[in-house]
Amino acid sequence: MTVLVAVATAHGSTRAIAERLGSRLQRAGLDVVIRSAGDEQNVDAYEAVVIGSAIHGGRWLSEATSFAQRCQAALRDRPVWLFSVSTLGDEEAMFAPAVARRLRALRKETPELLELRRTIQPVEHRNFAGVVKPADWPLSGRLFFRSTGGRYGDHRNWSAIEAWGDQIATEVRERGGTAASPSRARDASPGRPT
């Protein structure tokens with residue numbers, strides 16, 4: 001079985017998560033193609049799809065949204081998993097635990113995710129914390145981030161990401177029968193900056 005991992009990244013953090021998910025799927029014996037969501041035009045060749053995007057300004061990146069809209073009909077016909085990367089993951093956050101709990105309670109899904117839930121009915125959506133550097137934020141964002149106790153750095157929870165990749169692999173195999181023989185996860189756009 002071939003799984004597409006389509007990703008939209010701004011600074012590379014989301015791309016690294018997509019690559020880790022791809023390696024877990026490959027390890028389970030699935031054939032994996034990792035592509036930029038902006039480059040992928042067709043999902044007919046894939047039995048399952050994982051779509052991930054960074055969240056900037058409270059929204060998915062436009063290339064991920066455009067990909068999902070463009071391929072909407074085909075995505076409805078196969079299992080799809082979604083993930084978002086921002087300052088506030090489901091397990092980890094760049095904030096003190098009490099602040100993270102309050103922010104999670106206030107968090108709403110982006111308009112794009114609400115629409116994708118309605119139109120393609122994904123199997124699941126996960127939120128992961130990413131990497132934040134001061135240079136990646138405008139002054140207003142840096143002020144808000146620091147005033148809420150945010151901590152810069154790499155807050156990706158690799159064990160949670162890997163466990164989710166393993167879960168997806170199990171579900172893909174159960175839905176599709178025998179997986180293809182193990183092969184190396186391949187990136188269809190080598191040398192492309194993240």
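**Figure 1. Buried and exposed residues of helix H2 in the predicted model**. Helix H2 spans residues 62–70, and Ala64, Thr65, Phe67 and Ala68 are its buried residues. When H2 is seen down its axis, these buried residues fall within an arc of 160 degrees, so they line one face of the helix. An α-helix has 3.6 residues a turn, so residues three or four places apart point the same way. Ser62 and Gln69 are exposed and lie on the face of H2 turned away from its buried side.

**Figure 2. Packing partners of the buried residues of H2**. Among the strands, these residues pack against E1 (2–8), E3 (48–56) and E4 (59–60). Helices H3 (72–76) and H5 (111–119) also pack against the buried residues of H2.

**Figure 3. Burial of strand E1, one of the elements packed against H2**. Strand E1 is mostly covered, with seven of its seven residues buried. Thr2, Leu4, Ala6 and Ala8 point one way from the strand, whereas Val3, Val5 and Val7 point the other way. Residues of both sets are buried.

**Figure 4. Pairing of E1 with strands E2 and E3**. Strand E2 (residues 31–36) pairs with E1 in the parallel sense over six bridges. Within this pairing, Ile34 of E2 is the bridge partner of Val5. E1 and E3 also run parallel and are joined by six bridges; here the bridge partner of Val3 is Ala48 in E3.

**Figure 5. The β-α-β unit that includes E1**. Strand E1, helix H1 (residues 13–27) and strand E2 together make a β-α-β unit, which is right-handed.

Conventions:
Residues numbered from 1 in each chain as written. Predicted model: local features only at pLDDT ≥ 70, side-chain atom pairs only at ≥ 80, totals over all residues. Heavy atoms only, no water. Buried < 20%, exposed > 50% of the residue type's maximum accessible area, 1.4 Å probe, protein only. Helix = DSSP H or I, 4+ residues; strand = E, 2+ residues; numbered from the N terminus. Arc of directions from axis to C-beta. Contact = heavy atoms within 4.5 Å. Pairing = 2+ DSSP bridges. Right-handed = clockwise from strand over helix to strand, strands pointing away.
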